Amino acid sequence: MMYGWDGSWGTGAWILMALVMLLFWGGVVTVVILLLRRGQGPAAPGPYGPYAPHDEAERILNERFARGEIDESELTARRAALRRKQ
């Protein structure tokens, strides 16, 4: 019997199986890497996260102003005081 002459794929089947296997394992590795990266989150420099303490204080001031807890003159005065301490 001659190899590949009986209507089978012959060498083409082996090549196709190898490519599918590479795609499968590449997909598995990609999913695992993405899941591991997803759990880490961005790296936070220092104990205050990605923001310096005065940035966080200004954010809180802006939120208080938006809620109406402080007026514009108080916001301006406190913001200026924070920026002087830098």
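Colleague: What is the relative accessibility of Arg59?

Modeller: This is a predicted model, in which local features need pLDDT (the predictor's confidence in each residue, from 0 to 100) of at least 70 and side-chain atom pairs count only at 80 or more, while totals for chains, interfaces and linings use all residues. Residues are numbered from 1 along each chain as its sequence is written, and side-chain values use heavy atoms, without hydrogens and water. Arg59 counts as partly exposed (between buried, under 20% relative accessible area, and exposed, over 50%; 1.4 Å probe, protein chains only), its value being 36%.

Colleague: Which residue forms a salt bridge with Arg59, with the closest N and O atoms 2.3 Å apart?

Modeller: A salt bridge is a side-chain nitrogen of Lys or Arg within 4 Å of a carboxyl oxygen of Asp or Glu. The partner of Arg59 is itself partly exposed, with 31% relative accessibility. At 2.3 Å between the closest N and O atoms, Arg59 is paired with Glu56.

Colleague: Why are Arg59 and Glu56 separated by about one helical turn?

Modeller: Both residues belong to helix α2 (helices are DSSP runs of H or I, at least four residues, numbered from the N terminus). Arg59 and Glu56 are about one turn apart because their spacing in that helix is three residues.

Colleague: Which residues are linked in a network of salt bridges?

Modeller: A search of the whole structure finds six salt bridges. One of them is the Arg59 and Glu56 pair. The network is made up of Glu56, Arg59 and Glu63.

Colleague: Is Glu58 buried or exposed?

Modeller: Glu58 is another residue of helix α2. Its relative accessibility is 14%, so Glu58 counts as buried.

Colleague: Which residues does Glu58 touch, not counting those up to four places away in sequence?

Modeller: A contact here means heavy atoms within 4.5 Å. With residues up to four places away set aside, Glu58 touches Arg79, Leu82 and Arg83.

Colleague: How many residues apart in sequence are the parts tied together by Arg83 and Glu58?

Modeller: The side chains of Arg83 and Glu58 meet in a salt bridge, at 3.2 Å from N to O. Arg83 lies in helix α3 and Glu58 in helix α2, so the pair ties together parts at a sequence separation of 25 residues.

Colleague: What is the relative accessible area of Arg83?

Modeller: The salt-bridge partner of Arg83 is Glu58, which is buried. Arg83 is instead classed as partly exposed, with a relative accessible area of 47%.

Colleague: What separates the C-alpha atoms of Thr76 and Leu61?

Modeller: Thr76 is placed in helix α3, which covers residues 72-84. Thr76 is partly exposed, its relative accessible area being 48%. Thr76 and Leu61 are 15 residues apart along the chain, and their C-alpha atoms are separated by 9.6 Å.

Colleague: Which residue forms a salt bridge with Arg67?

Modeller: Arg67 is exposed, at 53% relative accessible area. The partner counts as partly exposed, at 46%. With the closest N and O atoms 2.9 Å apart, the partner of Arg67 is Glu69.

Colleague: In which helix of the protein chain is confidence highest?

Modeller: Over the protein chain the mean pLDDT is 80, and 72% of the residues reach 70 or more. Confidence is lowest in helix α2 (residues 53-67), with a mean of 85. It is highest, at 91, in residues 11-40, that is, helix α1.

Colleague: What is the relative accessible area of Val28?

Modeller: Val28 is found in helix α1. Val28 is partly exposed, and its relative accessible area is 31%.

Note on methods:
Helix = DSSP H or I, 4+ residues; strand = E, 2+ residues; numbered from the N terminus.
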